[in-house]
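Subject: Structure handover

Hi,

Here is the structure I promised to pass on. Please open it and keep it beside this email as you read.

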Amino acid sequence: MAKHASSMYKRSITALGVSAALMMALTGCLGGGNDTPQEPVESSAQQSSGSSAKDAAIAERGGDDSKKTESAEASAEPSKEATSEAAKEPVAAGELTPPGTALKFGEIAKTRSNSGKQGDEKYKEATFDTTVTKIVPGDPADLAKLEGAAKFAGQTPYYVFFESKLTSLSKPSAGMSDAYLDAHLKDGTKAQKLIVFGTLGDCKSGSFETEGKDDTFSYVVGSTKSSCSVFLAPSGDAVTSASYSSSSYSYEKYSDNEYNKNPITWGK
């Protein structure tokens, strides 16, 4: 009997030991969950080069996230991505050529265009150095090559040559429109613009240089596009000037565009 009692006593002690061990393990697991928040992981991610570049770009664009701004300012060396983003920020509206400015052929106007809705994540803006280099009369015979040529009888084509240098781009894009120009007859009225697919006479257009691929495929800031537009003048008249009314930039209200009544003009 004494031997049996001793055996039962040992089994009871062993069971108590196992229960205590399980309680300690459970307590450790619960305690570990409370002492291991996600914040250190988030902080580590913010210190990576990719997030630092993003934070720096947000700070330069006037973001209101103070934590990200502080993280960007604390970076000893901004990443190449952040530096590139800063270099591509569009110029302020006050730096654009004012409405009503009269320029000579070859002189530069600072213009802009945009894409998307302002304030939207996909909104993009670009600025350009735009200049009309020359206006050249074409040969009326050039019009005879077009479909329905009879309707152009008595008209002379005029070729307006201009250049656009891409000076800034807020986000990668290969679809931003450069300046859209009008042309004017001797009395200042608008000349009829002729939409031509391909080339007509010596009137040819190029494109901006591109770089990157997929989501980063974009025009190269600093590259220049040479363009030519065709306008018509009745016999005895001529196309003598060109103008820019900011039609490639979308305003919230039509009345906000001061260039409509006071365009930038180029002439001799």
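Below is what I found in it, going from the whole chain to single residues.

One thing to know at the start: this is a predicted model.

**The chain as a whole**

The chain holds 5 helices and 11 strands. It has 268 residues, and 32% of them are buried. Its accessible surface comes to about 16,800 Å². Carbon and sulfur atoms account for 53% of that surface. Now take the contacts between residues at least 6 apart in sequence. Of these, 68% join residues at least 24 apart.

**The sheet of 4 strands**

Strands of a sheet pair through backbone hydrogen bonds, either parallel or antiparallel. Keep that in mind here. One open sheet has 4 strands in the order S1-S11-S10-S5, and its pairing is mixed. Strand S1 (102-104) and strand S5 (181-185) stand at the edges. Each has a single partner strand, so one side of each is left without a neighbour in the sheet. On average, neighbouring strands here are turned by 30° against each other, direction ignored.

You can walk across this sheet pair by pair:

- S1 and S11 run parallel and are joined by 3 bridges. Leu103 stands opposite Trp266 in S11.
- S10 and S11 run antiparallel, also with 3 bridges. Ser243 has Thr265 in S11 as its bridge partner.
- S5 and strand S10 (residues 239-244) run antiparallel, with 5 bridges. Leu181 has Tyr244 in S10 as its bridge partner.

**The sheet of 5 strands**

Another open sheet has 5 strands in the order S2-S3-S4-S9-S6. Its pairing is antiparallel. Which strands stand at its edges? They are strand S2 (109-115) and strand S6 (192-194). Each has a single partner strand, so one side of each lacks a neighbour in the sheet. Neighbouring strands are turned by 40° against each other on average, direction ignored.

Look at S4 and S9 inside this sheet. They run antiparallel, and 11 bridges join them. One bridge links Gln155 to its partner Pro234 in S9.

**The nonpolar cores**

The largest nonpolar core has 22 residues. Val132, Val160, Leu181, Val239, Tyr244, Ile264 and Trp266 touch the most other members. Strand S3 (124-137), strand S4 (155-169), S5, S9, S10 and strand S11 (264-267) each supply at least two residues of this core. Apart from it lies another core, of 10 residues. Its members include Leu143, Phe152, Cys228 and Leu232.

Ile264 deserves a click. Leave aside its neighbours within four places in sequence. Its contacts then include Leu103, Ala109, Ala242, Ser243, Tyr244 and Tyr259. Thr97, Pro98, Gly100 and Thr101 are also among them.

**Lys225**

Last stop: Lys225, in strand S9 (residues 224-234). Is Lys225 buried or exposed? Its relative accessible area is 19%, and buried means under 20%, so Lys225 counts as buried.

What does the side chain of Lys225 make a polar contact with? The partner is the side chain of Asp178, at 3.3 Å. Beyond its neighbours within four places in sequence, Lys225 is in contact with Phe162, Glu163, Ser164, Asp178, Gly206, Ser207 and Phe208. Take Glu163 from that list. Lys225 and Glu163 are 62 residues apart in sequence, yet 5.7 Å apart in space, C-alpha to C-alpha.

Over to you.

Conventions: Residues numbered from 1 in each chain as written. Predicted model: local features only at pLDDT ≥ 70, side-chain atom pairs only at ≥ 80, totals over all residues. Heavy atoms only, no water. Pairing = 2+ DSSP bridges. Axes fitted to C-alpha atoms, helices over the stretch in contact; angles between N-to-C directions. Buried < 20%, exposed > 50% of the residue type's maximum accessible area, 1.4 Å probe, protein only. Contact = heavy atoms within 4.5 Å. Areas by Shrake-Rupley, 256 points an atom, 1.4 Å probe, with all protein chains shown as cover. Polar contact = N/O pair within 3.5 Å; in protein donor to acceptor, adjacent residues only side chain to side chain. Core = buried A, V, L, I, M, F, W, Y, C linked by side-chain atoms within 4.5 Å.
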